[in-house]
Amino acid sequence: MAEIRLDGVRHRYGRSDDALKGIDLTWEDGGAYALLGPSGCGKTTMLNIISGLLTPTEGRILFDGVDVTGASTVERNIAQVFQFPVLYESMTVEQNMRFPLRNRGIDKREAQARAEEVAELLEIGHLLKERAKGLSADAKQLVSLSRALVRRDVSAILFDEPLTVIDPQKKWTLRQALKRVHSELNHTLVYVTHDQTEALTFADTVVVMDQGEVVQKGTPDELFERPAHTFVGNFIGSPGMNFIDCAVRGGVVGFGGVDLLRLPSSVSPDHEPGDVIGIRPDFVRCAPLDRSGPAGLEAEVGAVRDIGTAHLVELLVGDAGLVARIPPGEHVPSGRCTVLMDGDDVHFFRHGVRVEGSSSVVGTGGAR
Ligand code: ATP
């Protein structure tokens with residue numbers, strides 16, 4: 001296993017715009033990472049640069065501090081699993097798993113023991129003697145995964161959307177199996193996906209990309225609770241964070257006549273174009289209209305959607321729209337209601353970036 005560092009990595013295909021725009025990023029040894037972002041943001045480019053399939057236009061790749069920018073995939077000792085299964089159809093599952101080890105001079109007994117261990121972790125022990133050719137698409141992909149996992153000497157294992165061919169019901173089981181394998185074998189894993197559920201349920205740390213840049217690296221909780229950027233607030237969560245234009249006066253951020261946050265002294269106390277507050281639908285609460293509190297805002301209730309695990313309620317406060325997620329068993333408003341927000345759940349974003357160090361003034365500022 002290795003610590004992998006990207007140092008000022010930029011990549012451009014031909015004359016097009018930069019697919020990666022100068023990335024400085026460290027993947028720590030033994031970490032389980034997801035690389036998450038929308039289609040075209042540069043995930044595969046980043047993965048191929050780590051594995052050595054692509055050489056960056058600028059910058060360096062360091063494995064444990066050693067510059068490997070010019071080294072091949074084999075020299076870097078990377079295992080990569082692609083969207084679609086890559087295996088030898090005429091071999092049995094066990095032969096497929098032993099193959100990468102045979103090539104590295106591991107003796108047969110040891111190779112067999114490792115194949116059995118990984119097969120057990122992925123719950124495919126019963127398939128070891130089966131020919132790959134007759135397997136279902138998802139069993140084949142499991143074999144592809146296991147061919148990467150049997151290797152102990154790899155610097156990292158890179159997964160590029162590996163569950164694309166897997167039946168949706170089985171994806172959860174497989175991700176859990178991968179997590180189990182990671183906790184047993186402690187490989188450095190990088191798992192590329194555009195699906196936030198996959199990323200958040202697999203990884204300890206998620207790297208979020210947008211338009212060739214890394215916008216945040218953090219735990220699933222950090223991405224949810226403290227998104228560094230409006231892009232992350234919107235991309236993570238279903239639905240994403242509410243963003244609302246706000247007033248900023250004398251370092252105090254308000255909305256609908258209610259003071260919510262006091263800005264830190266490190267930022268300008270006056271309003272700037274594009275200033276917004278963000279709040280997760282989970283933290284927008286609705287109360288009966290007569291319950292006016294210091295942070296109460298009168299709202300008109302729009303469409304209500306029952307999504308099974310909650311109700312999503314559209315609210316209009318003045319001309320600002322926002323969504324509340326009402327948990328099961330709680331009152332679903334209709335007509336008009338009072339919207340309550342706790343300043344601790346509200347984030348202030350300037351030029352798209354979350355301003356750290358704001359403090360809540362709800363309950364002390366009062367309604368203006
Ligand atoms: P997806 O999830 O759709 O696979 P991605 O996040 O992996 O997308 P990349 O495939 O890395 O993104 O692509 C990043 C950018 O580089 C995109 O604008 C894409 O069109 C461009 N690109 C990728 N490969 C090539 C190539 N071989 N030639 C030219 N442009 C490319």
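An oxygen atom of the ligand lies 2.8 Å from an N or O atom in the side chain of Thr-44. In this predicted model, a second threonine side chain also takes part, as an N or O atom of the side chain of Thr-45 is placed 2.5 Å from an oxygen atom of the ligand. The backbone contributes through Gly-40, of which an N or O atom is found 2.7 Å from a ligand oxygen. Taken alone, the ligand exposes 630 Å², and 54% of that area is buried by the protein.

The residues around the ligand comprise Tyr-13, Ala-19, Pro-38, Ser-39, Gly-40, Cys-41, Gly-42, Lys-43, Thr-44, Thr-45 and Glu-161. Divided by class, this shell holds four nonpolar, five polar and two charged residues. The greatest contribution to the shell is made by helix 1 (residues 43-51), which supplies three residues.

Helix 1 is itself mostly covered, with eight of its nine residues buried. The buried set consists of Lys-43, Thr-45, Met-46, Leu-47, Asn-48, Ile-49, Ile-50 and Ser-51. Lys-43 and Thr-45 thus appear both among the buried residues of the helix and in the shell around the ligand. The helix is followed by Gly-52, for which phi is positive, near 100°.

With regard to the protein as a whole, the secondary structure amounts to nine helices and 23 strands. The C-alpha atoms fill a box of roughly 75 × 45 × 35 Å along the principal axes. Of the 368 residues, 51% count as buried, and the accessible surface comes to about 16,900 Å², with 48% of it belonging to carbon and sulfur atoms. Among contacts between residues at least 6 apart in sequence, 67% join residues that are at least 24 apart.

The largest nonpolar core contains 49 residues, and those with the most contacts inside it are Met-97, Leu-122, Leu-149, Ile-157, Phe-159 and Val-206. Helix 5 (residues 137-149) gives the most to this core, contributing six residues. Apart from neighbours within four places in sequence, Ile-157 is in contact with Ala-79, Ala-148, Leu-149, His-187, Thr-188, Leu-189 and Val-190. A second core, separate from the largest, has 28 residues, including Val-248, Leu-297, Met-341 and Val-355.

Helix 3 (residues 93-102) is likewise mostly covered, eight of its 10 residues being buried. These are Val-93, Glu-94, Asn-96, Met-97, Arg-98, Phe-99, Pro-100 and Leu-101. Of these residues, Met-97 is also one of those with the most contacts inside the largest nonpolar core. The cover over the buried residues of helix 3 includes helix 4 (108-121) and helix 5.

Several individual positions were examined further. Thr-338 belongs to strand 20 (residues 336-340). Because its relative accessibility is 4%, Thr-338 counts as buried. The side chain of Thr-338 reaches the backbone oxygen of Leu-289 at a distance of 3.1 Å.

Ser-72 is located in the loop between strand 5 (66-67) and helix 2 (73-76). With a relative accessible area of 31%, Ser-72 is therefore classed as partly exposed. The C-alpha atom of Ser-72 is separated by 7.3 Å from that of Leu-53, although the two residues are 19 apart along the chain.

Backbone geometry was considered at three further sites. Asp-64, in the loop between strand 4 (58-63) and strand 5, has a positive phi near 50°, in a residue other than glycine. At a relative accessibility of 46%, Asp-64 counts as partly exposed. Asn-77, placed in the loop between helix 2 and strand 6 (78-81), also has a positive phi, of about 60°, although this residue is not a glycine. Asn-77 has a relative accessibility of 18% and so counts as buried, the cut-off for that class being under 20%. Finally, a cis peptide bond joins Ser-238 and Pro-239, with omega about -5°. Pro-239 occupies a place in the loop between helix 9 (230-235) and strand 11 (242-245).

Methods:
Residues are numbered from 1 along each chain as its sequence is written. This is a predicted model: local features need pLDDT of at least 70, side-chain atom pairs count only at pLDDT 80 or more; totals for chains, interfaces and linings use all residues. Side-chain values use heavy atoms; hydrogens and water are left out. A residue is near a molecule or strand if one of its heavy atoms lies within 4 Å of it. A polar contact is a pair of N or O atoms within 3.5 Å; within protein, one must be able to donate a hydrogen and the other to accept it, and residues adjacent in sequence count only if both atoms are side-chain atoms. Accessible areas come from the Shrake-Rupley method with a 1.4 Å probe; for residues, only the protein chains shown count as cover. Helices (H or I, at least four residues) and strands (E, at least two) are DSSP runs, numbered from the N terminus. Ala, Val, Leu, Ile, Met, Phe, Trp, Tyr, Cys and Pro count as nonpolar, Asp, Glu, Lys and Arg as charged, and the others, Gly among them, as polar. A nonpolar core is a set of buried Ala, Val, Leu, Ile, Met, Phe, Trp, Tyr and Cys residues joined through side-chain atoms within 4.5 Å. Buried means under 20% relative accessible area, exposed over 50%, partly exposed in between (1.4 Å probe, protein chains only). Contact means heavy atoms within 4.5 Å.
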